[in-house]
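Please look over the structure shown here and work through its architecture with me.

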Amino acid sequence: MSKNAISPDLLKKYLAGNCNAEEVEQVEQWYAALNAGDSNAREFDQARHLKKVQEIVNLKTGIDPQPELASNVRSFVPDFWRFAAAAIILIVSGLGFYFYRNSTQSPPERMAQARSIVNTQKQVIRHQLPDGSKVWLNPNAAIRYADNAFSETSRTVTIEGEAFFEVTKDPARPFFVKSNSLLVKVLGTSFNVKSNADQSRYEVSVVTGKVSVSAPDGKGQEKSVLLLPRQQAVFEVASGLLTSTEIPNSPERVDTWQPISLTFEDEKLSNIAMQLQKKYGVKITLANPNLANCRLKATFDHNRLAEILEITTQLVEATYEMRGDSIVIDGEGCAPAE
């Protein structure tokens, strides 16, 4: 397929999210060919962003910077968390801006800009949408939307994989998430979508607010369910069955996207890892034994696993990788206490 061999009408249809699977593949193959060999990427101005975030934090909290602590004991307070987390997880990959032109029309018609953010990292990344809503993308997940998808009447994005959303409330502009066969509609809420194309079932789980989930049944008829907090919709791909269930409220274990509150007082990183492992049902490994010597004083209030990992690893100057249900933390660690 040549770089220009595509219909402007098809591009319009794609940006509106109305393409079938074959048309989506055609457009994405065209775009891949168009950008082949293009290594330019928009740089994230970290210094400017950090300055802005710090000013907001200081304004809202009025808390002065904390004194430096002992090298193997790291403290976490709310203002530092907001400052550090914003600097770390606002990493986007595959961010592109492009224009389409129809050479057969006069004057040429410029198509709407579109964005595609693909998480090629082995960590969860956070992306802020044009309306202020936030989305956390799991590894290999992707979100796509056109700039004109955030209009005066609605907001629409398309995702693949697993993502957690915090949607800015705006009753006049419903927020739609398209994912494979699912259509999620909200006004302002937080929820998790798990929709991998190679899996037999898709899931939408609600943390706050109210969510409508619809999908075609086995006969092609549209079915929908209404979800409230701690409810989940499950769509069986093979049968087209869409059901809603209560999310079990177990004090022993929660899903990785669910927020929890924990407090650590001069706690070893190895003990923190064990508590997170038990709470979220994931395996956490310290690649360097010296990491177990690092101690933290931290309070996590209503935070998800991805946020806890980001903050914790930054405090001990480490990194983490997600490998399915396993998480590996790596870094130089700390010297044993004398």
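The questions and answers below go from the chain as a whole to its sheets, helices and single residues.

Me: On what basis are the residues numbered, and what kind of model is this?
Reply: This is a predicted model, in which local features need pLDDT of at least 70, side-chain atom pairs count only at pLDDT 80 or more, and totals for chains, interfaces and linings use all residues. Side-chain values use heavy atoms, with hydrogens and water left out, and residues are numbered from 1 along each chain as its sequence is written.

Me: How many helices and strands are in the chain?
Reply: Helices (H or I, at least four residues) and strands (E, at least two) are DSSP runs, numbered from the N terminus. By that count the chain holds six helices and 19 strands.

Me: What percentage of the residues in the chain is buried?
Reply: Buried means under 20% relative accessible area, exposed over 50%, and partly exposed in between, with a 1.4 Å probe and protein chains only. Of the 338 residues in the chain, the buried share is 42%.

Me: Which strands stand at the edges of the open sheet S16-S19-S18, and why is one side of each left without a neighbour?
Reply: The three strands of this open sheet have the order S16-S19-S18, with mixed pairing. Two strands pair if DSSP finds at least two bridges between them. Each edge strand has a single partner strand, so one side of it lacks a neighbour in the sheet; the edge strands are S16 (283-286) and S18 (318-323).

Me: In which sense do S16 and S19 pair?
Reply: Strands of a sheet pair through backbone hydrogen bonds, either parallel or antiparallel. Lysine 283 stands opposite serine 326 in S19. Four bridges join S16 to S19 (residues 326-331), and the sense is parallel.

Me: Which strands does helix H6 touch where it packs on the sheet?
Reply: Contact means heavy atoms within 4.5 Å. Axes are lines fitted to C-alpha atoms, for helices over the stretch in contact, and angles run from 0 to 180 degrees between N-to-C directions. The direction of H6 (residues 305-315) makes about 150 degrees with that of S18, and the strands touched are S18 and S19.

Me: How are H5 and H6 oriented to each other, roughly parallel or roughly antiparallel?
Reply: The axes of H5 (residues 269-280) and H6 come within 12 Å and cross at roughly 170 degrees. Angles under 35 degrees count as roughly parallel, over 145 as roughly antiparallel, 65 to 115 as roughly perpendicular and the rest as oblique. The two helices are therefore roughly antiparallel.

Me: Which residues of H6 meet H5?
Reply: On the H5 side, the residues are Leu269, Leu276 and Tyr280. On the H6 side, they are Leu305, Ile308 and Thr312.

Me: How many residues of H6 are buried?
Reply: The buried residues include Leu305, Ile308 and Thr312, each of which meets H5. H6 is mostly covered, and the buried count among its eleven residues is ten.

Me: Why is strand S5 largely enclosed by the rest of the structure?
Reply: Ala142, Arg144 and Ala146 point one way from S5, Ile143 and Tyr145 the other way, and all are buried. S5 (residues 142-146) is largely enclosed because the buried residues number five of the five.

Me: Which residue is the bridge partner of alanine 142 in S6?
Reply: Alanine 142 stands opposite valine 118, and S2 (residues 114-118) runs antiparallel to S5 over five bridges. S5 also pairs with S6 (residues 155-166), in the antiparallel sense over three bridges. In S6 the bridge partner of alanine 142 is glutamate 160.

Me: With which side chain does the side chain of histidine 127 make a polar contact?
Reply: Histidine 127 lies in S3 (residues 125-128) and is buried, with a relative accessible area of 6%. A polar contact is a pair of N or O atoms within 3.5 Å; within protein, one must be able to donate a hydrogen and the other to accept it, and residues adjacent in sequence count only if both atoms are side-chain atoms. At 2.9 Å, the partner is tyrosine 145.

Me: Which side chain is joined to serine 214 by a polar contact?
Reply: Serine 214 lies in S11 (residues 211-216) and is buried at 10% relative accessible area. The polar contact spans 3.4 Å, and the partner is glutamate 222.
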